[in-house]
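Here is a friendly briefing to read alongside the model. Have the sequence and the coordinates open as you go.

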Amino acid sequence: MKSNINYRINKSLFIKGFIIFLAFLITLPLVSIIYYVAKEGFATINWNFFISVPKPVGEVGGGIANALVGSLILVVVASIIAIPVGIMCGIYLSENGENKLSYYTRLAVDILQGVPSIVVGIVIYFWVVKPTGSFSGLSGSIALSIMMLPIVIRSTEETLKLIPSTLKEAGLALGLPYYKVMIKVILPVGMSGILSGVMLSIARVAGETAPLLFTAFGNPYLNTNIAKPMQSLPLLIFNYATSPYDEWHNLAWGASLILLICILLLNLFTKLLTRRWKVQF
Amino acid sequence: MRQKDPGLQVKYEMLFSRTLVITALLILILVIGLFLTLLLESLPSIQHLGFGFLFGKTWDPVSNVYGAYPFLVGTLLTSFLALIISIPFSMAIAIFLGEYQPTGALSAFLKNIIELIAAVPSVIYGFWGLIVLVPLVRSLESKIGVVPYGIGIFTASIILAIMIIPYAASLGREMISMVPAQLKEGAYSLGATRYEVIKAVIIPYTKSGLFAGILLSLGRALGETMAVTMVIGNSSIIPTNIFAPGNTMASVIANEFTEADRSLYLSALIELGMLLFLVTVVINVIGKRIIKGFNT
Amino acid sequence: MESPILNSQNFNAYFGNNHVVKNVSMEIPRNNVVAVMGPSGCGKTTFLRCINRMHELIAGATTSGIIELNEENVYDMHAIYVRQKIGMVFQRPNPFPNLSIYDNTIAGYKLNGIKLSKSEKDGIVESSLKKAALWKEVKDSLHKKGTFLSGGQQQRLCIARAIAMQPEILLLDEPTSALDPISTASIEELLHELKKNFTLVIVTHNMQQAARVSDKTAFFYMGELVEYDDTKQMFTNPTDTRTQNYITGRFS
Ligand SMILES: Nc1ncnc2c1ncn2[C@@H]1O[C@H](COP(=O)(O)OP(=O)(O)OP(=O)(O)O)[C@@H](O)[C@H]1O
Ligand SMILES: [Mg+2]
């Protein structure tokens with residue numbers, strides 16, 4: 001009897017140890033990725049790296065200015081499209097618990113969240129690239145904005161649902177019209193949650209490659225015209241990482257480092273902002 | 001008394017409410033539009049190739065022959081292999097964070113690691129896989145005596161497994177932390193050990209939620225493109241074993257879409273995209289339903 | 001005799017098919033305090049929310065009959081205008097958590113985009129907070145968030161916010177039910193002061209409170225206005241047996 005209990009206790013402890021070991025093994029690949037990106041990346045970047053465009057094969061040096069500028073433009077334009085639409089739709093869903101439209105829109109958001117990004121790229125190719133006759137930054141931004149929408153909508157909806165309805169009533173009882181109550185009372189109170197959703201969606205699409213393959217397409221030259229093909233950091237990494245040239249690999253490592261830093265900063269920033277802007281009820 | 005013109009405010013109010021409805025409609029139309037576009041553009045392929053498309057064993061654009069079977073096999077093989085590799089880890093993380101250590105420095109550390117794993121862009125996973133993982137797999141392959149490509153289904157699966165762990169882990173953690181304390185205490189009061197409580201109470205109670213998490217991570221794996229494209233070897237021949245190079249539905253689209261010079265070729269690729277879309281829609285809707293059911 | 005500031009005639013309110021305010025007719029004279037009493041669920045809150053047209057915000061809620069403010073049917077005016085004329089204080093204090101005490105006080109102006117000069121704002125804030133008997137306690141921390149105040153202070157801030165809009169009527173729905181006795185006492189004292197400038201309608205479950213603060217009392221029972229009279233008359237010599245029963249505590 002006694003030994004049976006000991007056996008069970010030891011088994012429990014052993015399994016706990018095993019589970020902890022398995023759980024923390026996940027650190028291994030992450031450390032390896034960060035190590036390689038940092039090692040190779042820092043070896044590549046210098047001032048020139050930020051201000052020049054890639055050189056043709058065989059020449060050393062060159063930089064990723066085209067991708068930096070392109071990524072920035074793509075993400076900014078995508079945000080301009082996705083943030084207002086996403087927040088408005090989130091407001092609608094938070095205000096309309098159960099009606100037909102809100103039911104189907106919620107389903108649509110669920111679906112959108114799971115759509116493979118390459119599929120979005122295909123569709124935007126037919127919606128924008130083909131009719132305009134050219135790959136373009138704008139089409140890339142539209143594809144990215146579709147990837148952002150479900151995140152922004154969901155975080156807005158979830159945040160606003162948590163705000164007590166007494167606050168809305170307080171505003172209405174003061175004689176404020178509904179739209180002002182929503183915009184000036186409810187949105188500011190939910191700002192931290194909405195903002196964190198927005199930032200996460202930006203961090204997410206900043207690293208997206210697949211939806212850009214058939215839309216923004218990439219561009220070896222510096223381009224700020226959203227009607228023309230545009231380079232982005234992930235596209236550049238994909239193209240150069242899969243090339244057989246060492247110099248291009250180096251550029252890809254440098255670009256990976258910059259991209260990783262940007263995304264980590266965005267994530268960190270989100271956490272800090274959320275904490276600072278949190279409104280106490 | 002300074003008052004705004006109520007008439008104007010009522011007008012704005014209408015405008016605002018209407019805009020809200022319109023944006024909600026817009027999302028709905030967007031999703032319907034995504035599907036219809038895929039359907040419309042894959043019609044030539046559907047008409048020409050019919051069901052044979054799914055079972056055709058050869059994909060040879062040069063001779064205008066399009067069979068999707070190699071990619072179906074490639075997709076299912078990589079995704080399920082990734083799922084099998086990832087489950088022990090994601091479940092271990094879920095149990096650690098949900099049951100052993102829901103709070104504290106160690107769990108905060110692990111949570112951050114998980115968030116980082118989810119935040120790394122897939123193209124960086126692909127690059128890392130190409131440079132770091134491929135040589136490792138290659139030496140493993142020569143040890144066990146298969147053709148040492150390095151790239152292939154197996155390598156893609158490992159990378160996919162790493163990438164999908166956060167989804168199943170964080171959903172699983174949520175489910176496990178929702179197990180009512182009195183259920184666990186009931187078992188403890190009968191003299192059960194921690195492991196027995198996990199096995200007899202927690203896992204049965206959260207079964208459907210854990211399953212939903214795994215299902216959703218499968219959805220991710222099926223649609224993941226870049227990392228897979230970079231290491232799978234892009235071969236349109238049906239893989240004969242898990243170390244062989246192959247192609248998934250997503251990776252063949254990524255590789256060949258802009259090169260597709262014939263309309264049937266393009267249409268066949270889009271039909272792959274539509275299949276991918278439908279499969280992930282079904283998986284996501286079922287997964288979310290299960291989670292909603294669990295929460296209420 | 002002066003015409004009443006508020007006049008409800010055969011007024012009904014519904015939640016879907018649920019008829020919760022039945023044929024209520026009552027006149028409320030200017031600068032009076034009217035207490036509304038009755039057992040839980042008898043429609044007091046609903047009636048109050050009909051007066052400033054908050055009732056219709058609930059999905060499926062409807063009304064019939066008229067309520068006149070200065071002889072004009074509020075249901076013929078814009079709801080926004082009605083709510084600016086008739087302020088409301090809720091059962092639980094609900095200051096805007098993202099605004100300072102100062103901005104909470106002038107929230108009706110600020111959020112509505114009505115431009116005021118700095119001195120006008122300062123004036124409104126000071127006089128409203130003084131009328132709400134909160135000025136002394138908060139004058140040195142006007143720019144702290146309103147949610148840092150105690151419950152009783154928050155409720156007075158909400159009163160200040162309502163009276164800053166210079167409404168003619170103030171509706172209060174059990175304004176002290178979530179407060180401790182000391183805060184309750186200071187709010188009751190405040191009601192005496194507010195009577196000079198406003199007409200007050202206050203829902204309360206507390207008979208002593210009704211007796212202390214009100215000029216007239218209305219007794220509701222299952223959606224009907226059973227009795228409405230001077231408070232003294234009502235508490236000493238009620239005519240309806242249901243009122244008698246309620247006052248003597250025979251049902252609750
Ligand atoms: N939002 C609502 N939806 C549907 N029915 C409601 C709603 N609010 C109240 N009712 C119903 O209307 C009736 C009157 O409610 P009301 O809140 O006016 O009562 P009350 O007299 O204020 O009660 P209490 O003293 O508890 O505050 C009740 O029967 C209640 O069930
Ligand atoms: Mg009430």
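Let's begin with E115(B), which sits in helix α4 (residues 105-119) of chain B; helices (H or I, at least four residues) and strands (E, at least two) are DSSP runs, numbered from the N terminus. This is a predicted model, where local features need pLDDT of at least 70 and side-chain atom pairs count only at pLDDT 80 or more, while totals for chains, interfaces and linings use all residues. Residues are numbered from 1 along each chain as its sequence is written, chains are lettered from A and ligands numbered from 1 in the order in which they are written, and side-chain values use heavy atoms, with hydrogens and water left out.

**E115(B)**
- With a relative accessible area of 40%, E115(B) is partly exposed (buried means under 20%, exposed over 50%, partly exposed in between; 1.4 Å probe, protein chains only).
- From C-alpha to C-alpha, E115(B) and F53(B) are 40 Å apart in space, and they are 62 residues apart in sequence.

**Positive phi in chain C**
- R53(C), in the loop between α1 and β4 (61-69) of chain C, has a phi near 60 degrees, a positive value in a residue other than glycine.
- R53(C) is buried, at a relative accessible area of 10%.
- E71(C) has a positive phi too, near 70 degrees, and is found in the loop between β4 and β5 (72-73) of chain C.
- E71(C) counts as exposed, at 58% relative accessibility.

**Around ligand 1**
- The residues surrounding ligand 1 (a heavy atom within 4 Å) include F15(C), V20(C), I58(C), E174(C) and H205(C).
- Helix α1 (residues 44-51) of chain C supplies the largest share of this shell, 3 residues.
- Three polar contacts (pairs of N or O atoms within 3.5 Å) can be listed here: an oxygen atom of ligand 1 lies 2.6 Å from a polar side-chain atom of H205(C), 2.7 Å separates an oxygen atom of the ligand from a polar side-chain atom of K44(C), and a backbone N or O atom of C42(C) lies 3.2 Å from an oxygen atom of ligand 1.
- Ligand 1 taken alone exposes 630 Å², and the protein buries 61% of that (Shrake-Rupley areas, 1.4 Å probe).

**Nonpolar cores**
- The largest nonpolar core (buried Ala, Val, Leu, Ile, Met, Phe, Trp, Tyr and Cys residues joined through side-chain atoms within 4.5 Å) has 267 residues, and I118(A), W59(B) and L129(C) are among those with the most contacts inside it.
- Helix α6 (residues 153-177) of chain B gives the most to this core, 14 residues.
- Apart from this core lies another, of 6 residues, including L171(B) and F294(B).

Notes:
A polar contact is a pair of N or O atoms within 3.5 Å; within protein, one must be able to donate a hydrogen and the other to accept it, and residues adjacent in sequence count only if both atoms are side-chain atoms.
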